[in-house]
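Grab a pencil and open the structure viewer. Here are a few exercises, each with a worked solution.

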Amino acid sequence: MEREREGAEGRPRKVRKRKQAPNKLVGAAEAMKAGWDLEESQPEAKKAHLSTILFTDNCEVTHYQLCELLKYAVLGKSNVPKPSWCQLFHQNHLNNVVVFVLQGMSQLHFYRFYLEFGCLRKAFRHKFRLPPPSSDFLADIVGLQMKQTAGDLPKTMEGSLPSPNSKAAINLQNDPIIQKFGSKKVSLTRCLLTKEEMRTFHFPLQGFPDCENFVLTKHNGSVTDSSPLFGLDCEMCLTSKGRELTRISLVSEGGCCVMDKLVKPENKILDHLSSFSGITKNILNPVTTKLKDVQRQLKALLPPDAVLVGHSLDLDLRALKMIHPYVIDTSLLYVREQGRRFKLKFLAKVILGKDIQCPDRLGHDATEDARTTLELVQYFLKYGPKKIAELNLEALANCQELQAASQESRNTAEVLQHANTSILECLDSVGQKLLFLTRETDAGELPSSRNCQTIKCISNKEVLEQARVEIPLFPFSIVQFSFKAFSSILTEEMNKRMRIKWTEISTVYAGPFSKNCNLRALKRLFKSFGPVQSMTFVLETHQPHLCIQYEVLEGAQLAIESVDGILLDGTRIKVQRPVTELTLDCDTLVHELQGDSENQGTLYLSGVSETFKEQLLQEPRLFLGLEAVILPKDLKNGKQKKYCFLKFKSFGSAQRALNILTGKDWKLKGRHALTPRHLHAWLRGLPPESSPPGLRVVPPPLEQEALQTLKVDHPKIAAWRWGRKIVKLYNTLCPGTLCLILLPGTKSTHGSLSGLGLMGIKEEEESTALGLCS
């Protein structure tokens, strides 16, 4: 059973009883895997607009993906693949594309001077993280680098997927399969998942609280390298209680199907998920087999030393509500970089040379999928990790994804032709030119050509003046401003202070409490507001206090709003943040974060269970306008955290949902979100700062001196001045202009800083709203 089934969990079908606004619920990464095309559900108004619901899990957009969007904005879906990370609706109603590049600035600069960047924050709703820049950032985002690197990929990528016999010139030692298994052939037992791996990837295990009613197979611990293999695949539907089994297929080692059963779910079916399972209401109507019947038959069929093989097998075993300790999961056997997983369809084509899950057939064939997983394991055992690594699966997968996207267009040949072209060539193909404005001293520049008009200026001020005149004359413009980068010492100090600041504003002191207070009840109270990093008793005061450091800013703010000023054991409790130089403006910062355009319509909720999403699906009419459910996972063990973010189309929809979710029926704690998703992902990835809350941090002499002199090009002043200037220029652009603000990040021998992107499409009604920053 492939992971893409999870995407279907977030796609309730429209209710036909009466007409109402469609309520599509979808998670960011799940929607991408299920291939859900949001364009079909959008309003009919012919106006270009953006949706970034489909952001990747870590909220980072690569330079290649950025180039994808820009090329799509120029040519549209008839000629290039749609961008993989966001949706651009009604591209043909775009009038212009303008990209502002702020060289020398990074995500760290943006949040270090967050208040100074106020105008930019309010003008652009969509924000995303960028990786540290390469040696030529401009060439990357325009697509000039792709032509240089195209030769590094196997030639077979230009056409259909290559055969397993083709080899790519790669460093095998860096391949994740080699790193996990080594280069020599491995035995069957070496491919089995360990108990720790099964725990990490959420396989059902004996003794776990969520597996109390699961059935154990008759295993006896005698598994060997000659133990029999069985391929298993299940199909599910969505019911009022979550996902339930509708079909099971079991294939023996010789390829013979020994069990293929349709199963009637116990609970009311909300969605048959026919596009994945191939199972419809008519097919299930006459079925009488229940889950307990299947469990009994499967337990009788499997020998004690059987090894079950599947793709994302944890989902299948949970659907079966069965526990089996000897498993090989092909999505983990053919391990991919950064914990990602190859699709079964891709592995079947590249490794075995066979086509499965054909688009002209409704849903997947469970028997075919089960047999394929079995063959993949047999291939792995026969040829060994080195043979697999030589195929360079990662590069082939990237190529296949590009080809798959291109097939959706009306002219596949033309799409493939444009896939590796630059934006300059795309513009040339439609008879248009690109405007590039920059300073004479800037290192990065675009090559002069007949379809690129380059204007070099003496200063940033002149670049701005030229932009006002030239931008309306070109359909695509890149305007580059340059700012002096921080020294490595100052950058490191800012990074450290940034970590300390977010630690301190996410920390609260609560008290005083009586010496006989119920400590357990207090801990339970403060943990209800969000995930706690640490909680300590402060005994230096006359009466005890608690110091609570939350993982998220929303948890600390919710604790202050909920507990500050209440009476406890006859004492009025005070809940406050530590007062330091870095938290003096925290009230202003929190207020601005809550008003951040990206946070509008987003809720933070604490106390959610693992079945929270399924519960939301059961009440679609209560949560109209819900666009996405973001469920953060623990970075170490991959388990779902007990908090989440809900993204709604409007602030009003979010407020109505908040009233319901914090009411007596749901009993959750929540408020409007404070941390944009890309910022939340970034902060979670930062190493914890060891400095205790309340520590006074003195600015280093370099920054102190710079802030005292307040030079024009100092980033603090540049953020305030140039943020206003750019928004003022943006305000003069014609409606229907796609505008991107790129802070590329910095790269040096001392380390790299990630970049940040902001984007939006200029609307006619924005002129008044943005006039406040003019």
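The exercises below cover two cysteines and two sheets. This is a predicted model, where local features need pLDDT of at least 70, side-chain atom pairs count only at pLDDT 80 or more, and totals for chains, interfaces and linings use all residues. Residues are numbered from 1 along each chain as its sequence is written, and side-chain values use heavy atoms, leaving out hydrogens and water.

**Exercise 1.** Work out why Cys67 has no bond to its closest cysteine sulfur.

*Solution.* Start with the rule: a disulfide is a pair of cysteine sulfur atoms within 2.5 Å. Next, check the distance: the closest cysteine sulfur to that of Cys67 sits in Cys426, 7.5 Å away, which is too far for a bond. Now flip it around: for Cys426 the nearest cysteine sulfur is that of Cys67, 7.5 Å away, and Cys426 is in no disulfide. Final tally: 0 disulfides.

**Exercise 2.** Are Cys67 and Cys426 buried or exposed?

*Solution.* Cut-offs come first: buried means under 20% relative accessible area, exposed over 50%, and partly exposed in between (1.4 Å probe, protein chains only). Cys67 comes out at 1%, so it's buried. Cys426 has a relative accessible area of 0%, so it's buried too.

**Exercise 3.** Lay out the sheet of 4 strands and find its edges.

*Solution.* Some ground rules: helices (H or I, at least four residues) and strands (E, at least two) are DSSP runs numbered from the N terminus, and two strands pair if DSSP finds at least two bridges between them. The order is β23-β24-β22-β25, an open sheet with antiparallel pairing. At the edges you'll find β23 (626–630) and β25 (669–672), each pairing on one side only. Zoom in on β22 (residues 602–606), which is joined to β25 by 4 bridges; Tyr604 has Arg671 in β25 as its bridge partner.

**Exercise 4.** Do likewise for the sheet of 7 strands, then place helix α3.

*Solution.* This open sheet runs β4-β29-β26-β3-β15-β13-β14, with mixed pairing. β4 (126–130) and β14 (452–457) are the edges; each has a single partner strand, so one side of each lacks a neighbour in the sheet. Further in, β26 (residues 737–743) and β29 (residues 755–761) pair antiparallel over 6 bridges, with Gly757 in β29 the bridge partner of Leu742. Finally, helix α3 (residues 63–75) lies across β3, β4, β15, β26 and β29, at about 160° to β26 (axes are lines fitted to C-alpha atoms, for helices over the stretch in contact, with angles from 0 to 180 degrees between N-to-C directions; contact means heavy atoms within 4.5 Å).
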